[in-house]
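Work through the following exercises with the sequence and the coordinates open side by side. Each exercise sets a task and is followed by a solution that proceeds step by step.

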Protein chains: 2
Amino acid sequence: MTYAIGDVAEKFNLSISTIRYYDKRGLLPFVSKNKSGHRAFTDSDLKMLYTVCCLKDTGMSIEHIRDYISAVMAGDTTIDDRIAMLKDHRETILRQQAVLQESLAEIDLKLENYQAPDAHTFVQKEVAYVNQEKARAGLKKPFQVKR
Amino acid sequence: MTYAIGDVAEKFNLSISTIRYYDKRGLLPFVSKNKSGHRAFTDSDLKMLYTVCCLKDTGMSIEHIRDYISAVMAGDTTIDDRIAMLKDHRETILRQQAVLQESLAEIDLKLENYQAPDAHTFVQKEVAYVNQEKARAGLKKPFQVKR
DNA sequence: ATAAAACCTAAACCATGGTTTAGGTCAAGG
DNA sequence: CCTTGACCTAAACCATGGTTTAGGTTTTAT
């Protein structure tokens with residue numbers, strides 16, 4: 001009928017202490033405790049936790065998640081607040097997606113260069129150019145990092 | 001011919017202290033200093049910094065970025081290492097994209113529910129169901145968060 | 001020539017998001 | 001019944017990624 005914290009930790013791939021930490025920070029006010037003081041998660045609680053994880057995984061801060069959950073707990077008078085928060089956060093997710101996309105493009109470009117047949121020549125020419133640019137600006141070659 | 005740290009900070013939307021911090025952590029060994037000890041960024045340096053930012057923006061730790069940059073500085077004998085690191089990181093970016101996608105779907109679902117004409121009824125029924133589930137499990141209603 | 005703005009280092013400080021430890025209580029199997 | 005594993009809280013601890021401060025030097029504009 002209910003799940004203990006260990007079950008939930010496993011299902012969600014969170015550590016037990018992370019779940020307790022979330023609870024302490026006000027992210028899980030919906031979780032009840034049984035007579036002996038153990039947290040007892042219902043299926044609805046798991047759905048709410050899933051939402052919490054979605055917000056966390058997309059970079060929402062614990063404080064903001066708390067505000068959202070707090071609105072949920074306050075009942076149907078806060079629907080407009082929730083919509084506003086979710087719409088805001090939706091925008092930040094779209095921005096993150098754009099950033100990932102752009103960075104992935106750069107990384108793929110590097111990979112193409114490095115995997116090309118002429119990669120060694122390419123890299124050597126690049127190094128030469130960089131050094132030339134430094135020389136033109138009257139700068140010494142930077143420290144060569146030892147490995 | 002070269003850019004001062006302030007120019008670079010503005011161009012990349014980083015704080016000056018972040019750039020210095022990156023340098024201290026070994027992310028910018030390619031940046032030379034002029035006779036008076038000021039950092040002088042060439043155009044090539046900006047390209048390298050762009051790569052650093054792409055790695056940072058996609059969640060690579062400073063330590064791993066340092067390892068990558070250190071391989072770049074070591075010359076064309078480390079091309080295979082670089083390929084391995086970039087391929088690894090590429091996988092983590094794809095995982096991040098999947099996570100964002102999935103979480104965005106959940107958030108969009110919530111938004112649809114909340115923006116539906118029957119949102120209030122929907123929410124009220126949900127609350128009723130959650131409480132019923134707690135009751136069935138012999139649990140008290142959880143603390144209602146005050147706002 | 002001088003003041004203000006921009007740069008420098010080193011080191012202390014801080015916010016966030018946990019994890020670990022200590023000292024217990026509870027529950028399920030032998 | 002009694003031990004072992006799972007749970008509890010409170011509080012200390014930690015890693016990461018910066019930011020801020022203090023005490024200077026350098027460049028630039030007047």
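**Exercise 1. Identify the residues that come nearest to DNA strand D, and describe which parts of the strand face the protein.**

Solution. Begin with the 20 residues around DNA strand D, where a residue counts as near if one of its heavy atoms lies within 4 Å of the strand; of these, Lys33(A), Arg39(A), Ser15(B), Thr18(B) and Ser36(B) come nearest. Next, turn to the strand itself: of its atoms within 4 Å of the protein, 79% belong to sugar or phosphate, and the rest belong to bases.

The model is a predicted one, in which local features need pLDDT of at least 70 and side-chain atom pairs count only at pLDDT 80 or more, whereas totals for chains, interfaces and linings use all residues. Residues are numbered from 1 along each chain as its sequence is written, chains are lettered from A and ligands numbered from 1 in the order in which they are written, and side-chain values use heavy atoms, with hydrogens and water left out.

**Exercise 2. Find polar contacts to the phosphates of DNA strand D, and state which helices supply the surface near it.**

Solution. Take a polar contact as a pair of N or O atoms within 3.5 Å; within protein, one atom must be able to donate a hydrogen and the other to accept it, and residues adjacent in sequence count only if both atoms are side-chain atoms. In chain A, a polar backbone atom of Gly6(A) is 2.9 Å from a phosphate oxygen of the strand, and a polar backbone atom of Arg39(A) is 2.7 Å from a phosphate oxygen. In chain B, an N or O atom in the side chain of Tyr22(B) is 3.0 Å from a phosphate oxygen of DNA strand D.

Now assign the surface to helices, which are DSSP runs (H or I, at least four residues; strands are E, at least two) numbered from the N terminus. Helix H1 (5–12) and helix H2 (16–24) of chain A, together with helix H2 (16–24) of chain B, each supply at least two residues, and H2(B) gives the most, with four residues. By class, the residues near DNA strand D divide into six nonpolar, nine polar and five charged, where Ala, Val, Leu, Ile, Met, Phe, Trp, Tyr, Cys and Pro count as nonpolar, Asp, Glu, Lys and Arg as charged, and the others, Gly among them, as polar.

**Exercise 3. Carry out the analysis for DNA strand C.**

Solution. Of the 19 residues around DNA strand C, Ser15(A), Thr18(A), Ser36(A), Lys33(B) and Arg39(B) come nearest, and sugar and phosphate account for 81% of the strand atoms that come within 4 Å of the protein. Phosphate oxygens of DNA strand C are 2.7 Å from an N or O atom in the side chain of Ser15(A) and 2.8 Å from an N or O atom in the side chain of Ser36(A), while a backbone N or O atom of Gly6(B) lies 2.9 Å from a phosphate oxygen. H2 of chain A, with H1 and H2 of chain B, each supply at least two residues of this surface, the largest share, four residues, coming from H2(A). The residues divide into six nonpolar, nine polar and four charged.

**Exercise 4. Where does Asn13 lie in each chain, and is it buried or exposed?**

Solution. Asn13(A) is in the loop between H1 and H2 of chain A, and has a positive phi of about 55 degrees although it is not a glycine. Apply the scale of relative accessible area (buried under 20%, exposed over 50%, partly exposed in between; 1.4 Å probe, protein chains only): Asn13(A), at 72%, counts as exposed. Asn13(B) is in the loop between helix H1 (5–12) and H2 of chain B, its phi is near 55 degrees, and at 70% relative accessibility it counts as exposed.

**Exercise 5. Locate Pro142(B) and list its contacts beyond its sequence neighbours.**

Solution. Pro142(B) lies in the segment after helix H6 (119–136) of chain B and, at 11% relative accessibility, counts as buried. Leaving aside neighbours within four places in sequence, Pro142(B) is in contact (heavy atoms within 4.5 Å) with Pro29(A), Phe30(A), Val31(A), Ser32(A), Met73(A) and Lys134(B).
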